[in-house]
Every structure is written in structure tokens, then in C-alpha cells.
Amino acid sequence: MKHIIQIATVFLLLMGCGDKNSEATASEEQGEETGIVVTQDQFDTNDLMVGTMEQRTFPKIVETSGMIDVPPENRASVTAFMGGFVKQTSLLIGDQVKKGQLLVVLENQEFVQMQQDYLEVFNQLDYLKAEFERNQTLFDEKIASQKNFLQAKSNYETAKARYQGLREQLQMLNISPSKVEQGNISSQAAIYAPIAGSITKMNVAKGSFVSPATEILEIVDNDHVHLELTVFEKDILKVKKGQKIQFKIPEASEEIFDAEVHLVGASIDDAKRTIKVHGHLANEEEGNFLPGMFVDAMIMTDTTKTWSLPEEAVIESEGNHYVLKLLEKKDEGYTFERVAVTQGGSFNGYTEIISTGLNETDQFLIKGVFDLIGG
């Protein structure tokens, strides 16, 4: 009998514990149903803030990448018209040069031979011209034969053509034909800067030999730079001249710069299935841009107006996005409900809210959401 009483007592105790556990569980569920409660002190201490959704304009974006570049006329590859040994150069990469500034002096005995040939034909011209005119007069008067007249004409025309050709070659070498005509012959030829800018490549040193195919140096004028972007074929029909571009230099800073689509390429790269888009910068002088810098860019192809909240108001948890909707506000604090939403695009610190269960009068926690529900 004593044992029966003990067993009954244990059973009653277990039943009592079960009831308490059920009450605790029911209390927790009731707490979840009533939402997230924040006291006024907590709200003020943590600088929380509530607000409503607002209509904002969001762009439709084509994300792309590319580089800073300069127009072809702002880039000069300097080569030699004829080969030679570098006699003089004092330039380094980064040096600034003006248009017409001396860059390199080359030396070659072929320069001497060319000047000698020019001087020789120059000295023959007067004689050959006089001979041609004399034979023409005699031929007109039926005194000289046609053969002699045509020979004199041929000699003069050939010499004149050779004279003009050698003169052009000397000018291309920056050797003055006038000085050669005065007997001043030099073994050196100078190369001058075709544009103003900075030296970006220097491929020779004093004493080295350069051929006509050798790039001696490169000059780049950074006064006008532009964007050279690569857009994939699937997006190209969305891109039009005049559309706005926002870009940044990811390796340098997070600062956002503005540009505009100026030209869209007319053919697609068969291998990469991409097309080139040329963009003009809004403020070239502000960014210290250099050719070759890599850029990440967004082309604004269209706009749409939709409801939005600050990005901070939307938090991701376990693959879903949530906002905290205000259920009620009393003197003792605030009660929020966690509501799942579909997040659209983000722009300028705001994100699109795509949800049919919300309206413009609803209020949401727009600051401090992460501290309450985490991520």
C-alpha cells in the first residue's frame, strides 16, 4: 500500500511539471504572436527611428566594366622614319613634353648618303632644265630632232622627281633641305614630339639601335579621357546614346563618378559576344583619371517609380528579406511585427519594396532593424 501511494505521488508531480512546461510554451508562442516589443527607453537609447514607405525613382541598370582611355588623337607612338643609333635622349617615363619638343637624336651614315644624293640632283637641275628648254626651242624651229628633245625632257623630269622625293624624305627626317643646299651635311636626325603630353613608355636608351618598326616611346595627353566599356550582347539593345553612367575605380576608392553614353559600337566581337560602349565623363578634372585604370560601371537604361524604404530597413535572414512593421505605439513603447517582403533593386541608399500586403500609411522601423532581429 505504501508503494502504491509513492507511485501516485510521483505521477502527480510529473503531471504538474508537464502542465508548467505547456504553460511556458504557450507563453512563448503568445509572445511571438504579439510581436517584438521595444520600450521607449530602448527606442531612445538606440536612436531607433520609424517612417513610412515613399515613392522613389529607381533606374533599370546594365552592369558592366571597362577602362579609362584616351581618344586616338591623344595618344602618339613615336617611331623613326629610318633606322639609326640613339645619339641623344634625356627623357624618362612620366616626363611632360610639349608639342615640337626634341625627343631623340638618331645617327646613321645613311642620312649622309641621302643628303649627298639630294645635293647632287639639286645641282643638276638648273643644267637639265636649261638643256630641256634649249632642245624644246630647237625642236619647235625644226632644227633639233624629236629624239634629242624627248631625251632632254626625260632627263629633266626624272631629276625633278628625284629631287622632290629626296626633299620629302629629308623633311621626314627633320633635316632641313635648305641647309643641305648650302652644303651643310649632318649624320644626325632629330625626332620631335607630335603632341603634348606625358611619356608613358620609353623603349630605348643612349647607344641603342632602332629600326623603322621600333616604337621608341609613347606620349599620352590626359587632357581628355573617356570610358571604354564592354557590354554583353544580351544587354546591348537596352543601351542608347545619352544614357547616364555611374562608375567607380574599385582599386582606388569607392567614390562614384558620373558619365554619359556617347557612342555605341556598331559590331559585336564574335569571340566574346560583346560590344564596345564609349562614355564621356562629366568632370574629367576631378578624378585624376589615368589611361588604363579599370572601372566598374552601371548604365541607367530606364527608370521606374515604386515604393521604397531605406536599405537599412530591410534585413536578410535565412535567405528571406524582412521589415519590421509598427503594430502599435503606446506610452510604454512600440510593438513591431516582422513581415517578409520581396526586395527589388537598390539605388542611392534606398531599396524597392515589392509586397501586396503593405500600403503607404504603414509605418516601419527604418533605423536599428539589425539590432532587433539580426541577420
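This report walks through helix packing, strand pairing, aromatic pairs and a few loop residues in a predicted model.

Some ground rules come before the details. Local features need pLDDT of at least 70 and side-chain atom pairs count only at pLDDT 80 or more, while totals for chains, interfaces and linings use all residues. Residues are numbered from 1 along each chain as its sequence is written, and side-chain values use heavy atoms, with hydrogens and water left out. Helices (H or I, at least four residues) and strands (E, at least two) are DSSP runs, numbered from the N terminus.

**Two helices side by side**

Two packed helices are described by the angle between their axes and the distance between the axes. Here, α3 (residues 109–140) packs with α4 (residues 146–172) at about 150°, and the axes are 8 Å apart. The axes are lines fitted to C-alpha atoms, for helices over the stretch in contact, with angles running from 0 to 180 degrees between N-to-C directions. That makes α3 and α4 roughly antiparallel to each other; the cut-offs are under 35 degrees for roughly parallel, over 145 for roughly antiparallel, 65 to 115 for roughly perpendicular, and oblique for the rest. The crossing of α3 and α4 is left-handed (the near helix is turned anticlockwise from the far one by less than a right angle; clockwise would be right-handed). Sorted by class, the contact of α3 with α4 has 15 nonpolar, seven polar and seven charged residues. For that count, Ala, Val, Leu, Ile, Met, Phe, Trp, Tyr, Cys and Pro are nonpolar, Asp, Glu, Lys and Arg are charged, and the others, Gly among them, are polar.

**Strands and their partners**

Strands of a sheet pair through backbone hydrogen bonds, either parallel or antiparallel. Two strands count as paired if DSSP finds at least two bridges between them. One open sheet has four strands in the order β4-β11-β9-β6, with antiparallel pairing. The edges belong to β4 (75–79) and β6 (96–97), each with a single partner strand, so one side of each has no neighbour in the sheet.

Now for the bridges themselves. The table lists some antiparallel strand pairs, each with one bridge between residues.

| Strand pair | Bridges | One residue pair |
|---|---|---|
| β6 and β9 (residues 197–202) | two | Q96 with S198 |
| β9 and β11 (residues 215–220) | four | M202 with L217 |
| β3 (residues 54–69) and β16 (residues 294–310) | 14 | F58 with T304 |
| β3 and β12 (residues 226–232) | five | D69 with H226 |

Back at the β6 edge, V97 also has a bridge partner in β9, namely G197.

**Aromatic pairs**

The structure holds twelve aromatic pairs. Rings of Phe, Tyr and Trp (its six-membered ring) pair if their centres lie within 6.5 Å, and planes under 30 degrees apart count as stacked, over 60 as edge-to-face and the rest as tilted. Take Y118 and F122: their ring centres are 6.4 Å apart and the planes are at 15°, so this pair is stacked. Both residues lie in helix α3, four residues apart, or about one turn of the helix. How do the two fare for accessibility? Y118 is buried at 0% relative accessible area, whereas F122 is partly exposed at 27% (buried means under 20%, exposed over 50%, partly exposed in between, with a 1.4 Å probe and protein chains only).

F247 and F257 make a tilted pair, 5.5 Å centre to centre with 35° between the planes. F247 sits in strand β13 (residues 244–248) and F257 in strand β14 (residues 257–264), so the pair ties together parts that are ten residues apart in sequence. F247 is buried at 1% relative accessibility, and F257 is buried too, at 11%. Elsewhere, F132, F139, F149 and Y156 form one aromatic cluster.

**Loop residues**

In the loop between β13 and β14 there is E251, which is exposed at 75% relative accessibility. E251 and M293 are 42 residues apart in sequence, and their C-alpha atoms are 8.5 Å apart in space.

Most residues other than glycine have a negative phi, and most peptide bonds are trans. D47, which is not a glycine, has a positive phi near 55°. D47 lies in the loop between α2 (40–45) and β2 (49–52) and is partly exposed at 48% relative accessibility. R273 also has a positive phi, about 55°, although it is not a glycine. R273 is found in the loop between β14 and β15 (274–281), partly exposed with a relative accessible area of 35%.
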